[in-house]
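Student: Please take a close look at a single part of this model, the sheet and the helices packed on it. I would like the cut-offs stated along the way.

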Amino acid sequence: MAKPGIKSMQLYSHVDRIYNDLKSIGVKDQDPLNVKMLTPFDQLHYFGTDAVDEAIEATGITEDSKILDVGAGLGGPARYIADKTGCHITAVELQPDMNDVAKSLTERCGLSDKVEHVCGDIHETELAKASYDAIVSWLAVYHIPEQNRLYQRLGNALKPGGKLYFEDLFRKGDFSAKEQYEVDHLLYGANMQTEQQYVHDLQRANFSQIDFQETTEMWTPHVAERLDNWRAMADYKTEVHGEDIVAALDSFYDVVTRQFKGGKLGGVRVMATAG
Ligand SMILES: C[S@@+](CC[C@H](N)C(=O)[O-])C[C@H]1O[C@@H](n2cnc3c(N)ncnc32)[C@H](O)[C@@H]1O
């Protein structure tokens with residue numbers, strides 16, 4: 001069977017749908033934007049900016065910090081962090097269409113001097129040695145193959161004592177053949193690790209103070225509620241986005257909910273210190 005590509009995950013189809021969301025609140029194509037207007041639509045992880053606030057607090061980001069965001073998506077977390085703290089943040093995103101939208105939203109928010117968008121694979125992106133105070137990431141690491149090489153690169157890019165903070169998915173048990181197919185194809189889980197593998201790979205990359213906090217209990221009802229809300233608002237969402245987008249996201253939210261309820265997929269917040 002052909003190896004799935006990242007666009008097999010329906011969340012990543014029609015990434016310019018955020019412009020439909022903005023139109024639905026009366027914002028036209030070239031209108032100026034601010035971060036607050038965007039946050040209901042540009043946070044592609046769980047618990048929106050509350051989750052980002054926790055990262056800011058845990059990593060101690062200030063105006064003077066230099067931050068790297070891995071798998072930045074539409075740039076929502078990066079813009080929020082820059083706007084809230086005044087720090088400089090480099091937002092690396094693999095998918096060119098996603099990165100183009102992210103860059104344009106950042107320009108329209110007037111944040112281009114604080115948020116630098118880089119399109120590329122984090123395995124290949126140039127990362128200067130010991131240059132970041134913290135590296136953050138939401139729901140991207142499980143997409144990224146060669147986890148050990150990833151942590152080596154991130155550890156190298158962090159200043160000594162710098163923090164790595166990410167929220168992600170992990171493998172809690174053995175997936176059935178059908179579940180594994182969904183993980184590979186519908187969630188693009190190129191590297192769905194167990195807790196032991198995560199910790200082992202981080203230790204091998206010379207990270208210390210590794211804190212692996214499971215979030216599954218909090219995320220399972222959250223993803224179920226997201227699906228219920230999407231279905232309850234299907235008529236309105238169809239007016240905003242059209243049938244194809246509504247169906248694509250319904251199918252994505254459904255598979256995520258089933259996977260969490262199945263008990264083999266878990267959620268995690270990882271914090272570790274470089275060196
Ligand atoms: C679920 S989205 C989350 C986006 C963003 N972190 C947020 O929370 O709004 C994960 C993102 O990671 C990106 N990604 C996956 N593999 C990557 C890689 N190797 N290098 C850079 N970005 C990657 C995907 O393209 C996707 O946009």
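Tutor: Helix H3 (residues 48-59) lies across three strands, S4 (132-138), S5 (158-171) and S7 (265-274), where contact means heavy atoms within 4.5 Å. Its direction is at about 150 degrees to S5; axes are lines fitted to C-alpha atoms, for helices over the stretch in contact, and angles run from 0 to 180 degrees between N-to-C directions. Helices (H or I, at least four residues) and strands (E, at least two) are DSSP runs, numbered from the N terminus. The model is predicted, so local features need pLDDT of at least 70 and side-chain atom pairs count only at pLDDT 80 or more, while totals for chains, interfaces and linings use all residues. Residues are numbered from 1 along each chain as its sequence is written, and side-chain values use heavy atoms, with hydrogens and water left out.

The strands under H3 belong to an open sheet of seven, in the order S3-S2-S1-S4-S5-S7-S6, with mixed pairing. Two strands pair if DSSP finds at least two bridges between them. Strand S3 (115-119) and strand S6 (207-214) stand at the edges with a single partner strand each, so one side of each has no neighbour in the sheet. From one strand to the next, the twist averages 15 degrees.

A run of parallel pairs can be followed through the sheet. Strand S1 (residues 66-70) is joined to strand S2 (residues 88-93) by five bridges, and the two run parallel. S1 is also parallel to S4, through four bridges, and S4 is parallel to S5, through six. Leu68 has Thr90 as its bridge partner in S2 and Ile135 as its bridge partner in S4. Ile135 in turn has Leu164 as its bridge partner in S5. Six of the seven residues of S4 are buried, so this strand is largely enclosed by the rest of the structure; buried means under 20% relative accessible area, exposed over 50%, partly exposed in between (1.4 Å probe, protein chains only).

Helix H6 (residues 147-157) also packs on these strands. Its buried residues include Leu150, Tyr151 and Leu154, and the buried residues of H6 pack against S1, S4, S5, H8, S6 and S7.

Helix H9 (residues 216-232) lies across S5, S6 and S7, at about 130 degrees to S7. The axes of H9 and helix H11 (residues 243-262) come within 9 Å and cross at roughly 150 degrees. That makes H9 roughly antiparallel to H11; angles under 35 degrees count as roughly parallel, over 145 as roughly antiparallel, 65 to 115 as roughly perpendicular and the rest as oblique. Residues in this contact include Trp219, Val223 and Leu227 of H9 and Leu249, Phe252 and Val256 of H11. By class, the contact of H9 with H11 has twelve nonpolar, three polar and five charged residues. Here Ala, Val, Leu, Ile, Met, Phe, Trp, Tyr, Cys and Pro count as nonpolar, Asp, Glu, Lys and Arg as charged, and the others, Gly among them, as polar.

H9 also packs against helix H10 (residues 234-241), at an angle of about 75 degrees and with the axes 5 Å apart. H9 and H10 are therefore roughly perpendicular to each other. Trp230, Arg231 and Ala232 of H9 meet Ala234, Lys237 and His241 of H10.
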